[in-house]
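Work through the exercises below with the model on screen. Each task is followed by a worked solution.

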Amino acid sequence: MRKIEHLGIAVKDLKKSNELFSRLFGKEAYKEERVEDEGVLTSFFQVGDVKIELLEATAPDSPIAKFIDKRAEGVHHVAFAVDDIYAEMDRLKKAGFEILNDVPKKGADHKLVVFLHPRSTNGVLVELCQDDVK
Ligand SMILES: CC[C@@H](C(=O)O)C(=O)SCCNC(=O)CCNC(=O)[C@H](O)C(C)(C)COP(=O)(O)OP(=O)(O)OC[C@H]1O[C@@H](n2cnc3c(N)ncnc32)[C@H](O)[C@@H]1OP(=O)(O)O
Ligand SMILES: [Co+2]
């Protein structure tokens, strides 16, 4: 794992949270992107080397809707940049972590992503992302 690539923050209302985080960072989100397969609408802010990904649910069964129902708005996941996602999945599987998807999925902002179940990572949902060159 090279570095923290982004922090994912679950929000109820992306428009309102975009305004709030724009005031916090003193700049606008650089993009918004819908990821239908994850049931989310996202926006991204660049803060130094790290990105902040805001996530609003677009369906009631979206992981973001379930998270906010059970808990509250707030930090939802930590995403780490990797160079070879298959090698990292293999390493983590052998090290006893529970990988949630066998095949990397298309994430937002030109990434291939996989998730580790929070029950295998001290309650923190971990995402691995690799640049999607296609
Ligand atoms: C935009 C694409 C991508 C990117 O490019 O960056 C994204 O970031 S998409 C982000 C949204 N997608 C995901 O989160 C996919 C991975 N998550 C999952 O597969 C599921 O959310 C889950 C982690 C397997 C949980 O699903 P499920 O078992 O159906 O939900 P429950 O609500 O029943 O929760 C079970 C259990 O897990 C706890 N939980 C859920 N989410 C989190 C979380 N983000 N961090 C920590 N813990 C989490 C939840 O509280 C339950 O715990 P208990 O109540 O103690 O059983
Ligand atoms: Co993410």
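**Exercise 1.** Find the residue just after α1 that takes a positive phi, and state which angle it has.

Solution. Go to the end of α1. The next residue to inspect is G26. Its phi is positive, about 75°. This is a value from a predicted model.

**Exercise 2.** Check the length of helix α1 against the expected rise per residue.

Solution. Helix α1 covers residues 14-25, which is 12 residues. The rise is 1.5 Å a residue, and the expected span is 1.5 Å times one less than the number of residues. That gives 16 Å for α1. The end C-alpha atoms of α1 are 16 Å apart, so the two agree.

**Exercise 3.** Write down the order of elements, then decide how compact the protein is.

Solution. Count first: 3 helices and 8 strands. From the N terminus the order is β-α-β-β-β-α-β-α-β-β-β. Now take the radius of gyration, 15 Å. The globule rule gives 14 Å for 134 residues. The values are close, so the protein is as compact as a globular protein of that length. For the outline, the C-alpha trace spans about 45 × 30 × 25 Å along its principal axes.

**Exercise 4.** State what share of the residues is buried and what share of the contacts links residues 24 or more positions apart.

Solution. Of the 134 residues, 28% count as buried. For contacts, keep those with a separation of 6 or more. Residues 24 or more positions apart account for 52% of these.

**Exercise 5.** Describe the region that UniProt annotates as "domain: VOC".

Solution. The annotation, from an unreviewed entry, covers residues 3-131. Over residues 3-131 the chain is 23% helix and 40% strand. The end C-alpha atoms of this stretch are 13 Å apart.

How values were computed
Residues are numbered from 1 along each chain as its sequence is written. Chains are lettered from A and ligands numbered from 1 in the order in which they are written. This is a predicted model: local features need pLDDT of at least 70, side-chain atom pairs count only at pLDDT 80 or more; totals for chains, interfaces and linings use all residues. UniProt positions are given in the numbering used here, feature names are shortened, and annotations may be inferred rather than shown by experiment. Helices (H or I, at least four residues) and strands (E, at least two) are DSSP runs, numbered from the N terminus. The radius of gyration is taken over C-alpha atoms; the globule rule is 2.2 Å times the number of residues to the power 0.38. A residue is buried if 20 or more other C-beta atoms lie within 10 Å of its own, exposed if 12 or fewer, and partly exposed in between; C-beta atoms are placed from the backbone. Two residues are in contact if their C-beta atoms, placed from the backbone, lie within 7 Å.
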